[in-house]
Amino acid sequence: WKWYNHEIAAYNNAAVNLMNKYSILINDLHALVNSDVDKYISDDRLHLSEAGIDLCADAVTKILLKFI
C-alpha cells in the first residue's frame, strides 16, 4: 500500500477544511517536510530522517510551548 502525492493533498485539504470549520490550530508538518523531502525523509522513503525528526520536534515544541 502506498500514498500518492495527490491522495495526500486531498486528505490534507479535507483535514484543513474541517479544522478551519471548528477553529482548530493547524501545525502543518507535512508542508515542513515537503519543503525538502530528500533532507527530511529517510532513504526508505517512509520515515523521517534525523533532520526530519528534529524539524518536526521543533515545530511541535513551538506550538506546545504557547499553551504551557
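This is a short selection-by-selection tour of the structure above.

**Whole chain**

Start with everything shown. The model is predicted. Colour by secondary structure: four helices appear, and zero strands. From one end of the sequence to the other, the pattern reads α-α-α-α. Draw the C-alpha trace and turn it along its principal axes. The trace spans about 35 × 30 × 20 Å. Now colour by accessibility. Of the 68 residues in the protein, 13% are buried.

**Helix 1, helix 2 and the loop between them**

Select 5–21 for helix 1 and 29–34 for helix 2. Then pick Ser23, which sits in the loop between helix 1 and helix 2. Check its backbone. The phi of Ser23 is near 55°, a positive value in a residue that is not glycine. Is Ser23 buried or exposed? Ser23 is exposed, at a relative accessible area of 70%, because anything over 50% counts as exposed.

**Largest pocket**

Turn on a pocket surface. The largest pocket holds about 720 Å³ of space. Its lining has 18 residues. To centre the view, select Ile8, His30, Ile41, Arg45 and Leu46, which lie nearest the middle of this pocket. Which helices each supply at least two residues of the lining? Helix 1 and helix 2 do. Colour the lining by class next. In the largest pocket, 12 lining residues are nonpolar, four are polar and two are charged.

**Arg45 and its partner**

Keep Arg45 selected from the pocket view; Arg45 is among the residues nearest the centre of the largest pocket. Zoom out a little to place Arg45 in the loop between helix 3 (37–40) and helix 4. Its backbone deserves a look too. Arg45 has a positive phi of about 65°, although Arg45 is not a glycine. Now add Asp38. Arg45 and Asp38 form a salt bridge, with 3.7 Å between the closest N and O atoms. This pair counts as a salt bridge because the cut-off is 4 Å. How many salt bridges does the count give? The count comes to one. Colour Asp38 by accessibility. Asp38 is exposed, with a relative accessible area of 64%.

**Second largest pocket**

Move to the second largest pocket, with about 180 Å³ of space. Select its lining in two steps. Begin with Ala9, Asn12, Asn13, Ala15, Val16 and Met19. Add Ile26, Asn27, Asp28, Leu29 and His30. His30 also appears among the residues nearest the centre of the largest pocket. Which helix gives the largest share of this lining? Helix 1 does, with six residues. Helix 2 also supplies at least two residues here. By class, the lining of the second largest pocket has six nonpolar, four polar and one charged residues.

**Nonpolar surface patch**

Switch to the molecular surface. Select Leu25, Leu65, Phe67 and Ile68, which form a nonpolar patch. Together these four have about 510 Å² of accessible area. Stop at Ile68, in the segment after helix 4 (50–65). Ile68 is exposed, with a relative accessible area of 83%. Ile68 can join a patch because patch residues need over 30% relative accessible area.

**Last view**

Show the two pockets together with Arg45 and Asp38 as sticks. The volumes are about 720 Å³ for the largest pocket and about 180 Å³ for the second largest. Helix 1 and helix 2 each supply at least two residues to the lining of the largest pocket, and each does so for the second largest pocket as well.

How values were computed: Residues are numbered from 1 along each chain as its sequence is written. This is a predicted model: local features need pLDDT of at least 70, side-chain atom pairs count only at pLDDT 80 or more; totals for chains, interfaces and linings use all residues. Side-chain values use heavy atoms; hydrogens and water are left out. A salt bridge is a side-chain nitrogen of Lys or Arg within 4 Å of a carboxyl oxygen of Asp or Glu. Buried means under 20% relative accessible area, exposed over 50%, partly exposed in between (1.4 Å probe, protein chains only). Patches are made of residues with over 30% relative accessible area and no salt bridge: like charges are joined within 9 Å, nonpolar side chains (Val, Leu, Ile, Met, Phe, Trp, Tyr) within 5 Å. Accessible areas come from the Shrake-Rupley method with a 1.4 Å probe; for residues, only the protein chains shown count as cover. On a 1 Å grid over the protein atoms alone, a cavity is a set of points where a 1.4 Å probe fits but cannot get out, and a pocket is an open set with protein on both sides within 12 Å along at least five of seven lines; lining residues have an atom within 4 Å of a point. Grid points are joined across faces, edges and corners, and a volume is the space filled by probe spheres set on the points. Ala, Val, Leu, Ile, Met, Phe, Trp, Tyr, Cys and Pro count as nonpolar, Asp, Glu, Lys and Arg as charged, and the others, Gly among them, as polar.
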